[in-house]
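Work through the exercises below with the sequence and structure in view. Try each task before reading its solution.

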Amino acid sequence: MADCELSEVRVPWGRYLVAICEGHVDDHELERVSTEQGLKALVLRLARRPDPCEAALYLAYSREDADQGRVRLRKQHLQALLYATRSRQLSEALSRSKGGSTIVVVSDDPSRLEGVASRLGLGLGNVKEASCDPSSLQDLSSFRLQLLLS
């Protein structure tokens, strides 16, 4: 069972729970759960450990993109992978995340996050409130603005 750091991220428009885990999760099961959850609970494998506040924005930005009709990917959760890897193309995002051992689960629904964690064999610890520094999110925000303007 992989152990996770569980953070609560509060932003002006809501509250997200972010689990950042290190360990092995079966690729097929991870893909199956990611696809089933879509943007209800974001499930990603990454090559680097993200800041919890940044990870919450992957989901928030992807949901906003979906609401605005800006997601052109069949599997909407992959929009978040573009943000996480700062990639413009899905093939580039997949290449950048390949072989990663960091599993990120984000949701605004605690029971959904717990269900996903249980299904993937992830052990959730106690919730810690994340302190978000807006200056640390500038890179992601700048990347998103570039995507919106292109």
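**Exercise 1: a helix on the sheet**

Find what helix α1 lies across, and its angle to β3.

Solution. Helix α1 spans residues 27-37. It lies across β3 and β4 (102-107). It runs at about 150° to β3. Angles run from 0 to 180 degrees between N-to-C directions, with axes fitted to C-alpha atoms, for helices over the stretch in contact (heavy atoms within 4.5 Å).

Ground rules: this is a predicted model, where local features need pLDDT of at least 70, side-chain atom pairs count only at pLDDT 80 or more, and totals for chains, interfaces and linings use all residues. Residues are numbered from 1 along each chain as its sequence is written, and side-chain values use heavy atoms, leaving out hydrogens and water.

**Exercise 2: the sheet**

Give the strand order and the edge strands.

Solution. Helices (H or I, at least four residues) and strands (E, at least two) are DSSP runs, numbered from the N terminus. The order is β3-β4-β2-β1-β5, in an open sheet of 5 strands with mixed pairing. Strands pair if DSSP finds at least two bridges between them. The edges are β3 (41-46) and β5 (122-129), each pairing on one side only. β1 (residues 2-11) and β5 run parallel, joined by 6 bridges. C4 has L124 in β5 as its bridge partner.

**Exercise 3: helix α5**

Sort residues of α5 into buried and exposed.

Solution. Buried means under 20% relative accessible area, exposed over 50%, partly exposed in between (1.4 Å probe, protein chains only). In α5 (residues 110-120), L113, V116, A117 and L120 are buried. They share one side of α5 because they cover an arc of only 100° around the axis, taken from the directions from the helix axis to the C-beta atoms. S111 and S118, on the other side, are exposed.
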